[in-house]
Amino acid sequence: MAMASAATGYDRLAELKAFDDTKAGVKGLVDAGVTAVPRIFHHPQDPAAPRPPLSHPTHHHDVVTNSSIPVIDLSGLGLTRRPELVAQVKAAAKTVGFFQVVNHGVPDAAMSEMLASVRRFNEAPAEARRPFYTRDASRRVKYSSKYDLFWAPAASWRDTLFLDMAPVGPSPEEIPPACRDIVFEYTRQLERDAGCLDGLSVAAHYYPACPEPHLTLGAVKHTDATFLTVLLQDGVGGLQARVEDSCWVDVPGALIVNVGDFLQVMSNDGFRSVEHRVVATSDGPRVSEACFFRPSGPAASTRVYGPIVVKDAAAPRYRSFTAAEFIGSYRDRGFGGRPALDRFRL
Ligand code: OGA
Ligand code: NI
């Protein structure tokens, strides 16, 4: 592969660097009028699942079926319906690993303003975004396309503004003015609902319209290194979950909850952290915001997590780890490789 690339004069690293140096993200490419997806974004050929002809309307993966994501109505939480709701959440977490929530108490206005602010930030002139563009992992506010650009097999058709909000959030001046007020307001609403968790990071994603969606992906298949992820998405669509091995289902709905890797470990595989991806689309832009509930700050490197085995004296299936160790392993691997969970499996 490397030799063939050299022979055709394709210098991948130089192209990645040139793209990264623009500090304007994929949106910058679209603004510059690209009509073809640059090669750094081409998803590598999978010999087991060859790419279909270019005229094929969808990406080169598997069957996509109609949605089978459960919808859970949270009205009455804390009252008499609590046991019933807990049973519904458990059933969803054990099977599809994803569910949509309605009547969750997060005001519509906060959700729509949150999405609007992500659009505002990404659609402002590139000069306004550039100061936030960074690959410095220690910053609490990072804008980039995307953290694993230089080691992932292929770049993804999206830009992300990533914020570590709790236990210690950024100061307001560190947050782009386009999102400053609403990000605090929205996460306050969500944390009130989620309660006692140890940390919250927010990934605000912008998926520009893509001229050749079959060649790339918005997000390659992955699981989340979280306890739980709460995803707010607009109506464009593109998120798919791998409910069974070769079957992707569309995940519609504004507020989606999915089980992450930490919960799968602590439940000793009782709850499922399910692979998901975002296909690229010419109908963009698409905007989403993922709230990652997971330990961060000092607790991430001191507190140890492992299976809490309560039933039938089943043997633990994972060794224990700190959140920092797990997230480090997850980041090194990049999205799309062998699941991070496998590295901790006994
Ligand atoms: C993620 C993710 C999906 C989306 O951020 O982990 O899966 O719809 N996002 O943006
Ligand atoms: Ni995810």
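Buried means under 20% relative accessible area. Keep that in mind while we go through this predicted model.

Q: What makes Asp224 and His276 count as buried or exposed?
A: Both Asp224 and His276 are buried, which means each has under 20% relative accessible area.

Q: Why are His222, Asp224 and His276 called donors of the nickel ion (ligand 2)?
A: A donor is an N, O or S atom within 2.8 Å of the metal. His222 (NE2), Asp224 (OD) and His276 (NE2) lie 2.0 to 2.2 Å from the nickel ion, so they pass that cut-off. Along the chain, the spacing of these donor residues reads H-x1-D-x51-H. The pair Asp224 and His276 links distant parts of the chain, 52 residues apart. Asp224 sits in the loop between β7 (217-222) and β8 (228-233), while His276 is in strand β12.

Q: How do you know that Tyr207 makes a polar contact with ligand 1?
A: The cut-off for a pair of N or O atoms is 3.5 Å. An N or O atom in the Tyr207 side chain is 2.7 Å from an oxygen atom of ligand 1, so the pair counts. Asp224 does it too, with its side chain at 3.1 Å from a ligand oxygen, and for Ser288 the distance is 2.6 Å. As for cover, the protein hides 96% of the 290 Å² of accessible area that ligand 1 has on its own.

Q: What makes up the shell around ligand 1?
A: Six nonpolar, four polar and two charged residues. Strand β13 gives the largest share, four residues, and β6 (200-207) and β12 (276-279) each supply at least two.

Definitions and conventions: Residues numbered from 1 in each chain as written. Chains lettered and ligands numbered in written order. Predicted model: local features only at pLDDT ≥ 70, side-chain atom pairs only at ≥ 80, totals over all residues. Heavy atoms only, no water. Polar contact = N/O pair within 3.5 Å; in protein donor to acceptor, adjacent residues only side chain to side chain. Areas by Shrake-Rupley, 256 points an atom, 1.4 Å probe, with all protein chains shown as cover. Nonpolar A, V, L, I, M, F, W, Y, C, P; charged D, E, K, R; others polar. Donors = N, O, S within 2.8 Å, 3.2 Å for Na, K, Ca; no water. Buried < 20%, exposed > 50% of the residue type's maximum accessible area, 1.4 Å probe, protein only.
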